[in-house]
Amino acid sequence: MTKVKLCGLSRPCDIEYANEIKPDFIGFVFFEKSIRNVSFEKAHELRQNLADGITPVGVFVDEDIENVAKLLNNGTISIAQLHGNENNEYIANLRKLADYPIIQAFRIKSDEDIERANNSTADYILLDSGWGTGQTFDHSFIKGMKRDFFIAGGINADNIGGIIEKYRPFGADVSSAIETDGVKDKNKMRAFVDSVRKVK
């Protein structure tokens, strides 16, 4: 069954919603240019109230490796998701400081992007259209994927079922589509999770 990641949680009530809905993963965004940015301290505080069984992921864009490692090692997050220009050398250096899973995101615009994703040394791959654009990428490129992947970018409760049936992603990562007026909406969060989990 495809895993579900609800990304961009930033308020105590977002954590309460997640605890009730029970996605597989939730994401904290550590990127100052994002409207969903949270401080390291705020995320650590929110993490304390996250239910067992939900894995917290930290989303980073070219962050200092020591900062990423600290958040992994102090339990704020359990997985690092890399959305910038990080390469396999960055991943290797991060692993020396913190032995936790890594997701690497790729903006998919060509077959070359798919090839780069296949060659990543990260534990998981995320295929996206860009940074929080809410737009889909050309899913025909997925045919070149040779490993499990998360799908993101323009997915929502209405289209995710068909996407899962056709491409069978390891996980579905959503943020803007589960918001109303820029904040997380419990009903939309629940609808997305339900849409993913009803696909056999």
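**View 1. Phe 150, a buried ring in strand S7.** In this predicted model, Phe 150 has a relative accessibility of just 1%, so it counts as buried. The cut-off for that label is under 20% relative accessible area. You'll find Phe 150 in strand S7, which covers residues 149–151.

**View 2. Tyr 124 meets Phe 150 edge-to-face.** The two ring centres sit 5.9 Å apart, and the planes make an angle of 80 degrees, so Tyr 124 and Phe 150 form an edge-to-face pair. Edge-to-face here takes an angle over 60 degrees. Tyr 124 belongs to strand S6 (residues 124–128) and Phe 150 to strand S7, so the contact ties together parts that are 26 residues apart in sequence. While Phe 150 is buried, Tyr 124 is partly exposed, at 25% relative accessible area.

**View 3. A cluster of rings around the same pair.** Pull back a bit and Tyr 124 and Phe 150 turn up in a cluster with Phe 25 and Phe 170, linked by ring pairs.

**View 4. Phe 30 and Phe 40, another edge-to-face pair.** The model has six aromatic pairs by the rule used here. In one of them, the rings of Phe 30 and Phe 40 are set at 70 degrees with centres 5.3 Å apart, so this pair is edge-to-face as well. Phe 30 comes from strand S2 (residues 25–30) and Phe 40 from helix H2 (residues 40–47), so to speak a link between distant parts of the chain, 10 residues apart. How do the two partners compare for exposure, buried or partly exposed? Phe 30 is buried, at 4% relative accessibility, whereas Phe 40 is partly exposed, with 26% relative accessible area.

How values were computed:
Residues are numbered from 1 along each chain as its sequence is written. This is a predicted model: local features need pLDDT of at least 70, side-chain atom pairs count only at pLDDT 80 or more; totals for chains, interfaces and linings use all residues. Side-chain values use heavy atoms; hydrogens and water are left out. Rings of Phe, Tyr and Trp (its six-membered ring) pair if their centres lie within 6.5 Å; planes under 30 degrees apart count as stacked, over 60 as edge-to-face and the rest as tilted. Helices (H or I, at least four residues) and strands (E, at least two) are DSSP runs, numbered from the N terminus. Buried means under 20% relative accessible area, exposed over 50%, partly exposed in between (1.4 Å probe, protein chains only).
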